[in-house]
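Trainee: I am new to this structure and would like a close look at a single part of it. Could you pick one helix and walk me through its surroundings?

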Amino acid sequence: MRVLDNRSARARAAGAPASRRSGGTWVLLGPAFVAAVAYVDPGNFATNFAGGAGYEYRLLWVIVAANLMAMLIQALTAKLGLATGQDLASLCRAHLPRPVTRLLWVQAEAVAIATDLAEVVGGAVALYLLFGVPLPVGGLITAVVAFGLLAAQSRGHRPFELVITGLLAVIALGFAYTLVVSGAEPAALAGGLVPGFVDTDSVLLATGILGATVMPHVIYVHSALMPGRYGLPGPAGATVAPAALRRVLRSQRLDVLLAMGGAGLINATMLIVAAQLFAGDPGAATLEGAHASLAAAAGEGAALAFALALLASGFAASSVGTYAGQVVMAGFLQRQIPLWLRRALTLAPALVVLSLGIDPTAALVWSQVVLSFGIPFALVPLLIFTARRSLMGSLVNRPVTTAAAGVVAALIVALNVFLLWDLAT
């Protein structure tokens, strides 16, 4: 995929950051919105609706905390690509021992498979809800459409970002309508912001919500979208004036704030709608049950908005997931395989799930738990590299930033260890 469009290329040739010569800050927004789609993929639908139906508003704080973590992580990811001119996977290969690199590649591929499972299953369920398409056929259609969306990359980063952002807008509008129809209880909502767990099942759901919100594969994708993006002529913008560099950083941070903030609001809306309409209804904890319950409680319009949002999520997130697989293999191994072959390999587990009649919502929740276990393998190298002045130059983390990211990594690891212990006992 080309990293620079014509405007950015002209800016770079002129020796100035793109933000100065191509219409200001707004033209530079986009990479974080591609990442944000993965934060509202079908796995989020499953975990958020299950959380709201089973525990009402009581896990809302998990979504808020996970979204704040996501903002920090994606800001560091974008800064890493901006400063070094390389993506995270390539940096791992260049600076870590080869056995460690191979291990990281294997787990990253496992994460890609879990990601694709969630996205293809979600798209298949949406097609079934909308048109009655059998689930295995819907999975194939989702894969083909996602493959087609990747063709936008051949025309530069901007067309791909606009397509993905458009699908993100469909998801947002769908849930905005559903929230207006369903309403919310302010007192219960405020109570849901108080941290706490109800039982061990709520810990499992919280881990799934975390895995569905902080997505390890988009750490690789976001860092790959940044090199050369802002027309900086070298690592850490070494020859760029400090004022221009600060302008670029503001653009990158605004991109993350808007995109991740929007994704967080969508996730919170999912849980609020489920808590408001489906509390105590075990059938509504599945995607099909949520669709049926929405139709009964809020009308066919709300059910249609839900299904369309789920379909847009499956299509957009699946294309980003496939691109992530390409970035991971190219970075860790410096190799590529045909895109159709990668699509087929990652599609196979999802088709098995759909063909065997396994509960799609349960498969989605467990795929998000797998993703949660993959987060530290991407987050720890990210933290190490962004704290190295030799790599980051003037964009190196401040000590407080490194400490905050370290706390995030420790919390995620601790939650996963507790979940393993609980499952083993």
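Mentor: Happy to; we will look at helix α9 and then at the core around one of its residues. Please keep in mind that this is a predicted model.

Helix α9 covers residues 157-182, 26 residues in total. From its first C-alpha to its last it reaches 38 Å, close to the 38 Å expected at 1.5 Å a residue. Just after α9 comes Gly 183, which has a positive phi, near 80°.

Now look along the helix for its buried residues. Among them are His 157, Phe 160, Glu 161, Ile 164, Leu 167, Leu 168, Ile 171, Gly 174, Phe 175 and Thr 178. To read that list, recall that an α-helix has 3.6 residues a turn, so residues three or four places apart point the same way.

Let us stay with Phe 175. Leaving aside residues up to four places away in sequence, Phe 175 touches Phe 45, Phe 49, Ile 266, Thr 269, Met 270, Phe 306 and Ala 309. Phe 175 also belongs to the largest nonpolar core, which has 121 residues. Together with Phe 45, Phe 49, Tyr 220, Met 260, Phe 306 and Phe 332, Phe 175 is listed as touching the most other members of that core. The biggest contribution to this core comes from helix α15 (residues 300-333), with 19 residues. A second core, separate from this one, has 12 residues, including Tyr 55, Val 62, Leu 205 and Ala 268. As a general background, nonpolar side chains in soluble globular proteins tend to be buried together.

Methods:
Residues numbered from 1 in each chain as written. Predicted model: local features only at pLDDT ≥ 70, side-chain atom pairs only at ≥ 80, totals over all residues. Heavy atoms only, no water. Helix = DSSP H or I, 4+ residues; strand = E, 2+ residues; numbered from the N terminus. Expected span 1.5 Å × (residues − 1). Buried < 20%, exposed > 50% of the residue type's maximum accessible area, 1.4 Å probe, protein only. Core = buried A, V, L, I, M, F, W, Y, C linked by side-chain atoms within 4.5 Å. Contact = heavy atoms within 4.5 Å.
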